[in-house]
Amino acid sequence: MRGVSRGQNTTEKKSRLSAGLFGEDCEISHEQVYEFLKYAALGKRHNASQPSWCRIYHRRHLAKVVVIVLQEVSQLYFYRFYLQFRHLRRAFQHRFSLPPTSANFIASVCGEGISMKHQNTSASSGHISKNSDLQKDPIIEKYGEEKHGLTSYILTLEEMRKYNYPLEGSFGCENYVHTQCERPRTDSSPLFGLDCEMCLTEKGNEVTRVSLVDAEGRCIMDELIKPETQILNYLTRYSGITRKILLPVKTKLPEIQDKLKKLLPRDAVLVGHSLNADLHALQMIHPSVIDTSLLFARHKGRRFKLKFLAKAVLGKEIQCENKVGHDPTEDAEAAIELLQYFIDQGPRKVCNFLFFFKQILSQRFLVQSKLSYFLDHLNAAGQKTLLLSRKELASSGLGQNSLSTSNKQILKRAIQEVPLSSFSVIQFALRSEHVAPNLVAEVCEKMRIQLADMLTVYAGPFDKDFCLKSLRREFKKCGPIQSLTVLTETHQPHICIQYEVLEAAQLAMESLNGADVAGSCIKVQRPVTVMMLDCDMLIKELEMDIENEGVIYVAGLKKTLTEIDLQEKFSHLKDLQALFWPRDLKRGKHRNYCFLKFQTSESALEALQDINRQGAEGSQLQSRKALTTSHLHRWICHMAHNNGKPIQLAHRILHVKKEQLSTSEQDLRKKLKKLDHSIKKLYRSLENNTLCVVLLPGVNSLNCSKEDLGQSRH
């Protein structure tokens with residue numbers, strides 16, 4: 001978390017944030033953030049108390065609290081595009097990681113005063129107990145608990161009449177065309193998904209596009225239709241139809257009706273979501289239909305939207321807002337797949353599944369209500385609150401929401417309105433609606449490759465009879481080695497070493513390049529790839545990272561040392577504030593390196609020189625400035641040992657395409673740079689003694705790690 005207070009350099013007391021977490025304690029919970037924000041905003045009123053994990057000095061001088069949320073931005077993006085976050089990484093001096101949450105992220109941080117672990121455990125397991133109201137579920141009431149074939153889900157004549165399906169002899173259906181599909185249906189009858197898009201004409205809604213897909217999801221018909229009367233509104237946002245698209249179209253509705261009659265087998269079953277509207281638009285009558293809006297039934301006649309069911313049940317994104325209009329082929333295919341899921345799983349499993357999602361929705365409501373409760377406390381204390389964001393906050397029903405359509409507008413509004421509010425939540429977004437999973441995977445993979453390259457050094461040449469054991473011992477003085485490989489493809493042998501921490505690799509570069517090792521004057525270098533061309537600049541920027549100020553890395557610690565020995569060893573160092581001695585994740589033993597944090601940069605530099613002077617006099621210790629912040633050290637270990645498998649050295653021979661940024665990643669880089677610029681503008685507009693917290697909630701709240709960055713402005 002990052003915290004900053006703004007003020008002038010005078011003797012006047014100013015609010016100041018001090019965080020006592022260093023090293024492995026760099027992860028905090030959402031409840032701890034809530035505790036922190038509550039105390040910052042309310043002080044000791046309303047049961048707010050000083051947070052246990054950090055301290056806010058002179059809180060009464062704190063003027064405002066501003067929470068900035070960078071929607072869809074994760075810790076992964078922050079370090080993959082580290083150089084683009086020029087302001088964020090320099091201005092904010094405290095960083096912590098947050099665990100993922102399935103609830104509304106902003107609400108969980110601002111209002112999760114009560115742990116959700118006390119909720120019914122059946123929600124987390126997705127299973128309804130035998131004593132619950134399972135028998136009262138509308139799905140079970142209608143279909144029972146056992147699996148059935150598709151004929152059990154075909155609407156009866158009474159149901160078709162109840163839900164306004166076109167029927168022979170019904171009012172308004174006199175001129176409708178019958179599909180003539182009168183053959184008896186069986187559980188093996190062919191399924192066809194149907195969906196239409198409409199435009200508003202002088203007659204009302206008229207069909208302008210129709211799609212038909214088979215049970216395998218193959219599109220067998222996708223036609224545009226010229227309406228009979230003049231179009232008043234193309235409804236492009238939903239239909240995707242424009243004047244330009246329909247201009248060359250000559251096909252009329254009767255032609256489509258004839259084509260459908262020829263395509264459909266005599267025992268065909270049509271599947272769709274609220275299919276009655278599509279059949280009325282087509283002016284057709286079909287005797288056997290399955291309506292997924294009725295199949296996935298809810299209490300009191302309510303219905304799930306197709307978009308929700310596709311996401312929740314199938315894991316598919318349809319009707320995306322970054323597309324112009326709905327795709328009827330996509331919707332028809334989703335309806336078919338939903339029916340197939342229902343038949344395959346059976347009513348009971350479907351009920352359990354929907355019950356699980358209803359519990360998630362109810363938990364989100366509870367969390368949001370806690371946010372309202374928190375804001376009520378602020379209002380009761382006479383403090384004005386401000387929530388500025390896009391759709392998520394505006395649609396959550398949390399009181400004073402303002403919906404803006406772009407980051408530029410949000411920034412403009414924030415600069416104007418934040419000075420008028422005591423507690424503000426400002427949300428910026430990447431404007432990508434949903435970051436594509438393949439892009440997230442691409443960024444993650446490139447980050448892994450870049451980390452592998454930065455942790456890797458090549459050294460040589462050596463004589464053919466060199467001693468590998470002595471070489472390993474020499475290079476291990478710089479830090480823990482993950483792997484060491486002998487390269488014999490070169491004229492003289494070389495070795496490839498992959499370290500576990502960045503400082504070790506950099507120390508090897510600085511201390512062993514040009515040194516006499518194993519009887520040879522060797523060259524130590526990193527891999528040469530496109531992603532490594534900025535390595536020197538990145539190393540320099542990491543050294544100057546505000547989190548690394550006053551922190552040094554020390555390698556060459558003996559295995560026999562205890563914590564008491566280590567504290568005594570460094571007790572003579574001036575202004576030593578904290579010591580972080582990592583452990584091996586598997587064996588639980590301390591590593592051969594540690595990090596020392598000092599009160600000032602000057603004290604850190606003096607300690608570094610003192611330790612290296614001891615090394616020159618025969619000590620095994622070596623030291624340099626820290627490169628990895630405490631929470632980044634933990635994150636790199638997680639990335640490097642994901643699923644228990646160490647990060648593998650990237651292949652040196654890469655296709656040019658793999659070495660280049662994809663178009664989507666280039667676009668992402670530009671957007672993140674703009675976001676950083678927006679934070680800079682907003683941050684500089686804040687008045688003195690404003691606590692500013694930046695939250696990176698991640699790309700997907702269900703599976704991405706989150707980072708909390710905070711700063712108090714002096």
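V528, V530 and L533 come together as a nonpolar patch on the surface, with about 330 Å² of accessible area between them. That patch is one of two surface spots picked out here, the other being a cluster of positive charge built from R472, K476, K559 and K589. Keep in mind that this is a predicted model.

**The nonpolar patch**
- To find V528, look in the loop that runs between strand 22 (523-525) and helix 21 (535-543).
- V528 counts as exposed because its relative accessibility is 71%, and the cut-off for that label is over 50%.
- V530 and L533 are the other members of this nonpolar patch.

**The positive patch**
- R472, K476, K559 and K589 gather on the surface to make this patch of positive charge.
- R472 belongs to helix 19, which covers residues 468-476.
- How exposed is R472? With a relative accessible area of 38%, R472 is partly exposed, so it falls in between the under 20% that makes a residue buried and the over 50% that makes one exposed.

**The whole protein**
- The protein has 714 residues, and 51% of them count as buried.
- Its secondary structure adds up to 26 helices and 28 strands.
- Take the contacts between residues at least 6 apart in sequence: 74% of those join residues at least 24 apart.
- About 34500 Å² of the protein is exposed, and carbon and sulfur atoms supply 50% of that area.

How values were computed
Residues numbered from 1 in each chain as written. Predicted model: local features only at pLDDT ≥ 70, side-chain atom pairs only at ≥ 80, totals over all residues. Heavy atoms only, no water. Helix = DSSP H or I, 4+ residues; strand = E, 2+ residues; numbered from the N terminus. Buried < 20%, exposed > 50% of the residue type's maximum accessible area, 1.4 Å probe, protein only. Contact = heavy atoms within 4.5 Å. Areas by Shrake-Rupley, 256 points an atom, 1.4 Å probe, with all protein chains shown as cover. Patch = residues over 30% accessible without salt bridge, like charges linked within 9 Å, V, L, I, M, F, W, Y side chains within 5 Å. Salt bridge = Lys/Arg side-chain N within 4 Å of Asp/Glu carboxyl O. Lys, Arg positive; Asp, Glu negative; His and termini not counted. Charge placed at Lys NZ, Arg CZ, Asp CG, Glu CD.
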